[in-house]
Each structure stands twice: as structure tokens, then as C-alpha cells.
Amino acid sequence: MMPSVGVVVPTRGDRPGPLRAALTAVLAQEYAGPVEVVVVADGVPASLVASQVSGVADAEAGSEAASEAGSEAVSRAGEAVRSVRVLGNRRVAGLPGARNTGISVLGTDLVAFCDDDDLWLPGKLAAQVAALAEEPDAGFVSCAVEVEYGDRRVPRLAGTGRVTHRHLTRSRMMMVHSSTFLFRRGWTWVDESAPSGQNEDWDLALRAAWRHPIVHVDRPLVRVRWGSSHYVGRWADRIAGLEWMLARHPGLAAEPRGAARVYGQLAFCHAALGRRREAARWSLRAFSARPGEPRAAVALAVAGGLVSPRAVLHALHRHGHGI
């Protein structure tokens with residue numbers, strides 16, 4: 001029998017259209033094993049979210065007791081069982097707590113994440129489960145992505161079938177995205193201390209790769225939709241998240257290329273807030289770690305008023321990249 005898969009979909013209830021599309025894509029996966037979807041309403045009533053996804057899988061939300069008893073809708077595609085339930089975040093408010101709420105109620109063999117504005121492409125689940133089965137000592141698998149921004153779609157590949165801890169310290173490896181995560185239940189949890197949920201996925205990937213290299217299916221099997229992110233423009237939160245990562249993962253500062261990238265990002269965020277002195281300080285640290293670090297140069301341009309942070313991000317996102 002194929003392993004059962006639980007899919008955690010956190011939502012704030014402010015993207016009902018993309019949420020319905022995300023659920024439809026998950027439920028449409030051609031996978032012979034059982035798939036249980038848990039939609040976690042974060043900061044909004046579960047009944048509201050249930051009404052938004054009504055008809056996708058006839059998901060229902062009742063009381064907490066009913067949810068724990070398994071208030072859900074079940075459909076069968078041949079022998080493949082598909083179930084959906086909606087419940088509220090029972091842990092720390094925010095994305096990490098919502099993800100952990102979903103993990104905590106699942107009894108499936110495997111757990112996967114899908115953000116409410118992303119899309120699983122056909123074959124995603126079957127390919128990842130097969131890749132994980134080929135490596136029984138591994139517990140975590142990702143895949144490449146296709147970044148959608150405006151009218152453009154850009155594939156982002158890793159160029160490897162194994163993502164190591166060193167890969168993730170040298171580069172964020174954005175294709176190792178939360179919506180690609182699939183792991184054995186009990187293998188890991190999300191750290192709820194991440195400031196405003198910033199970098200919780202990068203932290204999770206680093207911890208997973210430290211334990212064992214991440215198995216990676218290097219085909220774009222998830223469409224990551226940029227343009228509606230809750231995090232873009234929250235510069236102070238992004239600064240707090242980057243500083244949290246530096247404190248939590250000292251290896252980031254020990255790897256010159258990775259350190260320069262993070263320092264350059266910090267410089268850019270400070271520049272976006274109009275903090276010229278801090279932008280200059282972090283730019284200098286970035287150049288010291290890696291002469292010619294492009295993020296530091298861009299940060300100085302933003303700090304000097306030569307270009308706006310929004311214009312920089314727009315240009316980068318059109319090519320499938322972030323700062």
C-alpha cells in the first residue's frame with residue numbers, strides 16, 4: 001500500500017481564490033495512497049475558511065471537539081481516499097504555529113506543506129514519494145519550482161538531486177520552498193520562535209539537511225506565485241528574521257558567500273526603511289565577506305535614492321529571483 005500523506009495548508013482567509021485553486025491542485029494529484037488535507041485558519045474563524053472552500057471538497061468546520069473527532073469530507077477517486085478538514089490554529093499565532101497545528105492532528109505516514117497561494121503541478125506527490133522510498137535513511141524531500149510573477153513563469157532548478165546543509169548555507173536555494181516540502185511524520189517541526197514567521201522554512205530546511213541530505217526531485221513540480229506574499233515590504237520583520245537566522249545558525253556567518261548574501265539582504269532592508277547608516281554598515285560587512293556582493297551595491301543605490309526598493313524587487317521577481 002502506498003504511504004498516506006497529510007497536507008497542511010495554512011491560510012489567513014484573505015486569498016479565497018488562490019486557496020481554492022491550491023486545494024483543487026492537491027486533490028487532483030494522481031497518487032494511489034490516501035491523502036488527508038488540513039486547512040488551518042490562522043487568525044480568522046475556521047467557519048469562514050470552510051465557507052470559502054465549500055464545494056472544492058465539501059469541507060466543513062465544526063467545533064473544536066468535532067474537528068478533533070474528524071469533521072471532514074471524504075471523496076474517492078477509484079481507491080484513492082481524499083479528505084479535507086478545516087480547523088483553527090491552536091498554537092502560537094502565525095505561520096509556524098499554523099503549520100504545527102496541522103502536523104499535530106495528522107496521523108499520516110508523510111506530511112507535506114502547501115501555501116495557500118501556490119499550486120502543486122501534476123505528478124508532484126507521486127514523484128516525491130517515489131524519490132523518498134528509494135532512500136530509506138532520508139526523511140525529507142523537496143523539488144524544483146516554477147516562479148509565477150505577472151505574466152511570466154520562470155523555472156528554478158537546484159542542479160542536484162541532493163541538497164546538503166552546505167548548499168543551504170551558501171545559498172537560500174529558493175527552490176527548496178515550503179510548498180515543496182514532504183517529510184516523514186515525526187521527522188521535524190516548525191520553530192515557532194521565528195519572528196513573525198520569517199525564514200521558518202529556511203530554518204526547517206537547514207535543520208533537515210543537517211540530519212540528512214534532502215532528497216531533491218529537480219523538476220518544477222510546484223508553481224510558486226509571487227506578487228501576493230504577506231512578507232514583501234515588511235522590512236523590519238525581515239530584518240528580525242535574518243538576525244534570528246544568524247543567531248540560530250552560526251554556520252551562516254562562517255561561509256563567506258552565504259554571509260555576504262545575508263549581510264547584503266540586511267543592508268537592503270535597512271535601506272528600504274531609510275536607515276542609511278545601517279545600510280552602509282551592513283553593506284561594508286557584505287563587501288568584506290565577499291568583494292563585489294551585488295546585494296550590497298543595490299542596497300547602497302537604494303539608500304542613495306537612486307532606485308526604489310519596489311522597482312528592484314519587481315525587476316528581480318520578473319526573472320524568478322528575490323533580493
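Helices and strands are named here as DSSP runs, a helix having at least four residues and a strand at least two, and both are numbered from the N terminus. The structure described with these names is a predicted model. With the naming in hand, Met173 is easily placed: this residue belongs to the loop between helix H6 (165-170) and strand S10 (182-184). Its phi is positive, about 50°, although Met173 is not a glycine. Most residues other than glycine have a negative phi. Met173 has a relative accessibility of 9% and therefore counts as buried, the cut-off for that class being under 20%.

A second residue of this kind is Asn199, found in the loop between S10 and helix H7 (200-211). Here too phi is positive in a residue other than glycine, with a value near 65°. The relative accessible area of Asn199 is 17%, so this residue is buried.

A good place to continue is strand S1, which spans residues 5-11. Seven of its seven residues are buried, so S1 is largely enclosed by the rest of the structure. Val5, Val7, Val9 and Thr11 point one way from the strand, while Gly6, Val8 and Pro10 point the other way, and the residues of both sets are buried.

Strand S1 has pairing partners to explore. With strand S2 (residues 35-41), S1 pairs in the parallel sense over seven bridges, and Val7 stands opposite Val37 of S2. Helix H1 (residues 16-27) joins these two strands in a right-handed β-α-β unit. S1 also runs parallel to strand S5 (residues 110-113), to which four bridges join it; in this pairing, Val5 is found opposite Leu110 of S5.

A contrasting arrangement is seen in strands S7 (residues 140-149) and S8 (residues 152-156), which pair in the antiparallel sense over five bridges. Glu146 has Pro155 in S8 as its bridge partner. The two strands form a hairpin with two residues between them, and Gly150 in the turn has a positive phi of about 65°.

His216 offers a view of contacts between residues separated in sequence. This histidine lies in strand S11 (residues 214-226) and has a relative accessible area of 5%, so His216 is buried. Leaving aside residues up to four places away in sequence, His216 touches Ser142, Cys143, Ala144, Ala158, Thr160, Gly161, Arg162, Val163 and Met175. The C-alpha atom of His216 is separated by 9.9 Å from that of Leu157, a residue 59 places away along the chain.

Turning to the helices, H5 (residues 124-133) is mostly covered, with seven of its 10 residues buried. The buried residues of H5 are Lys124, Leu125, Ala127, Gln128, Val129, Ala131 and Leu132.

Helix H10 (residues 256-272) packs with helix H12 (residues 294-303) at an angle of about 10°, their axes lying 8 Å apart. This angle makes H10 roughly parallel to H12, since angles under 35 degrees fall in that class. From H10, the contact draws on Arg261, Gly264, Gln265, Ala267, Phe268, Ala271 and Ala272, and from H12 on Arg295, Ala296, Val298, Ala299, Val302 and Ala303. Sorted by class, the residues in the contact of H10 with H12 are nine nonpolar, two polar and two charged.

Methods
Residues numbered from 1 in each chain as written. Predicted model: local features only at pLDDT ≥ 70, side-chain atom pairs only at ≥ 80, totals over all residues. Heavy atoms only, no water. Buried < 20%, exposed > 50% of the residue type's maximum accessible area, 1.4 Å probe, protein only. Pairing = 2+ DSSP bridges. Right-handed = clockwise from strand over helix to strand, strands pointing away. Axes fitted to C-alpha atoms, helices over the stretch in contact; angles between N-to-C directions. Parallel < 35°, antiparallel > 145°, perpendicular 65-115°, else oblique. Contact = heavy atoms within 4.5 Å. Nonpolar A, V, L, I, M, F, W, Y, C, P; charged D, E, K, R; others polar.
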